[in-house]
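Trainee: I'd like to go through this one label by label and hear the reasoning behind each. Could you put it up?

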Amino acid sequence: LKTVLPSPANGNGNTFVQRSSGVTAEVERIVSTVVFCHNDLLSGNILKLTGKAALQVVDFEYGGYNFAGFDLANHFCEYAGFDFDLDRWYPNAAAQARFFEAYLRVAFPRSPWLLNAEGTAKLCA
């Protein structure tokens with residue numbers, strides 16, 4: 001696994017980025033970046049604030065440093081529920097794109113090109 005997942009053996013994913021270019025390289029760089037993660041990003045931990053166009057993330061007991069890609073992947077796996085029924089609950093590409101756009105706008109504001117169709121398609125592939 002050390003050759004296919006970010007690890008010290010591959011510069012925490014930097015080896016993958018060097019082999020890629022354009023949108024793919026930027027996506028790989030972002031998901032392999034170590035950031036403070038929630039680590040339990042199920043929908044019950046994301047609250048819509050009444051009367052505001054804002055969300056509040058709560059319940060940080062599992063919070064800690066991790067790869068940004070973990071929070072993204074964990075969020076979508078949590079959609080499948082306790083029975084892990086991907087066919088029934090897993091979000092479609094449009095729902096994934098909305099989540100990625102919101103996440104990236106806050107987490108990586110200097111990568112606005114990721115908010116275009118090509119960048120979102122790479123993340124949702």
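Trainee: Where do Phe76 and Tyr79 lie, and how many residues apart are they?

Mentor: Both sit in helix α3, 3 residues apart, which is about one turn of the helix. Keep in mind that this is a predicted model.

Trainee: What makes Phe76 and Tyr79 a stacked pair?

Mentor: Their ring centres are 6.0 Å apart, and 25° separates the planes. Centres within 6.5 Å make a pair, and planes under 30 degrees apart make it stacked, so both tests are passed.

Trainee: Why is Phe76 called buried?

Mentor: Its relative accessibility is 4%. The cut-off for buried is under 20%, so the label fits.

Trainee: And Tyr79, why does that count as partly exposed?

Mentor: Tyr79 has a relative accessible area of 35%. Buried stops at 20% and exposed starts over 50%, so a value in between is partly exposed.

Trainee: Which residues form one aromatic cluster with Phe76 and Tyr79?

Mentor: Tyr90 and Phe99 join them in that cluster. In the whole structure, the search turns up 5 aromatic pairs.

Trainee: Why is the pair of Phe36 and Tyr65 called edge-to-face?

Mentor: The ring centres are 5.8 Å apart and the planes stand at 85°. A distance within 6.5 Å makes them a pair, and an angle over 60 makes it edge-to-face, so that's the label they get.

Trainee: What makes that pair a link between distant parts of the chain?

Mentor: Phe36 is in strand β1 and Tyr65 is in strand β4 (residues 64-67), with their positions 29 residues apart in the numbering.

Trainee: How do you know whether those two are buried or exposed?

Mentor: Take them one at a time. Phe36 has a relative accessible area of 48%, so it stays in the partly exposed class. Tyr65 comes out at 66%, so it is exposed. The line between those classes is 50%.

Trainee: Let's move to the pocket. How much space lies in the largest one?

Mentor: About 650 Å³. There are 21 lining residues, and Ile46, Leu55, Val57, Phe99 and Tyr103 are the closest to its centre. The elements giving two or more residues to the lining are β1 (34-37), β3 (55-57), α3 (68-79) and α5 (93-107).

Trainee: Which element gives the largest share of that lining?

Mentor: That's α5, with 7 residues.

Trainee: What is the make-up of the lining by class?

Mentor: It has 16 nonpolar residues, 3 polar and 2 charged.

Trainee: Now the loops. What stands out about phi in Asn39?

Mentor: Its phi is near 70°, a positive value, and the residue isn't a glycine. Most residues other than glycine have a negative phi, so a positive one catches the eye. Asn39 is in the loop between β1 and β2, and with 16% relative accessibility it counts as buried.

Trainee: Which residue in the loop between β3 and β4 has a positive phi too?

Mentor: Asp59, which belongs to that loop and has a phi of about 70° without being a glycine. At 36% relative accessibility, Asp59 counts as partly exposed.

Trainee: Why is Ser32 called buried, given its place in a loop?

Mentor: The label rests on the area: Ser32 has a relative accessible area of 8%, so it is buried. As for its place, Ser32 is in the loop between α2 (22-31) and β1. Beyond its neighbours within four places in sequence, Ser32 contacts Pro6, Asn12, Gly13 and Phe67.

Trainee: What makes Ser43 exposed?

Mentor: Its relative accessible area is 57%, and over 50% is what the label requires. Ser43 is in the loop between β1 and β2 (46-48). Its C-alpha is 9.3 Å from that of Phe76, with the two residues 33 apart in sequence.

Trainee: Last one: how are the elements of the whole chain arranged?

Mentor: From the N terminus they run α-α-β-β-β-β-α-α-α-α, giving 6 helices and 4 strands. Of the 125 residues, 33% are buried. Among contacts with a separation of 6 or more, 57% are between residues 24 or more positions apart.

How values were computed: Residues are numbered from 1 along each chain as its sequence is written. This is a predicted model: local features need pLDDT of at least 70, side-chain atom pairs count only at pLDDT 80 or more; totals for chains, interfaces and linings use all residues. Side-chain values use heavy atoms; hydrogens and water are left out. Buried means under 20% relative accessible area, exposed over 50%, partly exposed in between (1.4 Å probe, protein chains only). Contact means heavy atoms within 4.5 Å. On a 1 Å grid over the protein atoms alone, a cavity is a set of points where a 1.4 Å probe fits but cannot get out, and a pocket is an open set with protein on both sides within 12 Å along at least five of seven lines; lining residues have an atom within 4 Å of a point. Grid points are joined across faces, edges and corners, and a volume is the space filled by probe spheres set on the points. Ala, Val, Leu, Ile, Met, Phe, Trp, Tyr, Cys and Pro count as nonpolar, Asp, Glu, Lys and Arg as charged, and the others, Gly among them, as polar.
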